[in-house]
Amino acid sequence: MKQLRIGVLVGLFAVAGVVSWAGARLWDTFGSLPSVPVAAPIVLALIAVVLAATALSLRARLRAQRERQPDAKGVDPMVAARAVVFGQASALVAALISGMYGGVGVFLAMEQLDVPARRDQAFYAGGSVLAGAGVVAAAFFLERVLKLPEDDDNDGNGPSAAARA
């Protein structure tokens, strides 16, 4: 499984932001722009909390297992793999959603901050971007906690050394 790349997430955020900014401008010329839901930053923040709690729980279990504590509960490899996949998928979706709300927020900030309802929408959009950044940070933390040690093929004892012999 490949690791998350910050460049991919930033690119996804930027493309979604530009497309949604242009879409917001176009939509606003034809009528009323749909509102940013109040729940958007709340849901993203909850996902970030779940990811961080999962990472902290698994880190404690792995530390107890590594220190050979008698009551240590091991981590099932499938649970770890599912957690990493959940983190990576959450980071990708959060980058996309944050870019979308970021583009709408930029449009609202540039055009219509004098209207109180639009100002609130801009704040919700900004909160969504911040919460999305929290999801990405929690996903990177989870991935770091569950990262396997690197194979050291330089010493000749790794699996590739057996294949060469």
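Begin the tour of this predicted model by selecting Pro 34, which is partly exposed, with a relative accessible area of 41%. Pro 34 sits in the loop that runs between H1 and H2, and if you also display Ala 24, you will find the two C-alpha atoms 8.7 Å apart in space, although 10 residues separate Pro 34 from Ala 24 in sequence.

Next, go back into helix H1, which covers residues 6-30, and pick Asp 28 together with Arg 118 of helix H4. The side chains of Asp 28 and Arg 118 meet in a salt bridge, with 3.8 Å from N to O; because Asp 28 belongs to H1 and Arg 118 to H4, this pair ties together parts that lie 90 residues apart in sequence. The structure holds one salt bridge, and Arg 118, at 16% relative accessibility, counts as buried, since the limit for that class is under 20%.

Now select residues 39-66, which make up helix H2: its 28 residues reach 40 Å from the first C-alpha to the last, close to the 40 Å expected at 1.5 Å a residue. Which residues of H2 are buried? Colour Ala 40, Pro 41, Leu 44, Ala 48, Leu 51, Ala 55, Leu 58 and Ala 64 to see them. Many viewers can look along a helix axis, and a general point helps there: an α-helix has 3.6 residues a turn, so residues three or four places apart point the same way. To see what covers the buried residues of H2, add helix H3 (77-111) and helix H4 (116-145), which are among the covering elements.

Staying with H2, turn to the surface and select Val 38, Ile 42 and Leu 46, which form a nonpolar patch with about 280 Å² of accessible area together. Leu 46 is found in helix H2 and, at 53% relative accessibility, counts as exposed. Then move past the other end of the helix, where Arg 68, just after H2, takes a positive phi of about 55°.

Finally, overlay the annotation from the record: an unreviewed UniProt entry places the feature "transmembrane region" at residues 38-58, 79-102 and 122-142. If you select residues 38-58, the end C-alpha atoms lie 32 Å apart, and the span is 95% helix and 0% strand. For residues 122-142, the end C-alpha atoms lie 30 Å apart, and that span is 100% helix and 0% strand.

Methods:
Residues are numbered from 1 along each chain as its sequence is written. This is a predicted model: local features need pLDDT of at least 70, side-chain atom pairs count only at pLDDT 80 or more; totals for chains, interfaces and linings use all residues. Side-chain values use heavy atoms; hydrogens and water are left out. Helices (H or I, at least four residues) and strands (E, at least two) are DSSP runs, numbered from the N terminus. The expected span of a helix is 1.5 Å times one less than its number of residues. Buried means under 20% relative accessible area, exposed over 50%, partly exposed in between (1.4 Å probe, protein chains only). Contact means heavy atoms within 4.5 Å. A salt bridge is a side-chain nitrogen of Lys or Arg within 4 Å of a carboxyl oxygen of Asp or Glu. Patches are made of residues with over 30% relative accessible area and no salt bridge: like charges are joined within 9 Å, nonpolar side chains (Val, Leu, Ile, Met, Phe, Trp, Tyr) within 5 Å. Accessible areas come from the Shrake-Rupley method with a 1.4 Å probe; for residues, only the protein chains shown count as cover. UniProt positions are given in the numbering used here, feature names are shortened, and annotations may be inferred rather than shown by experiment.
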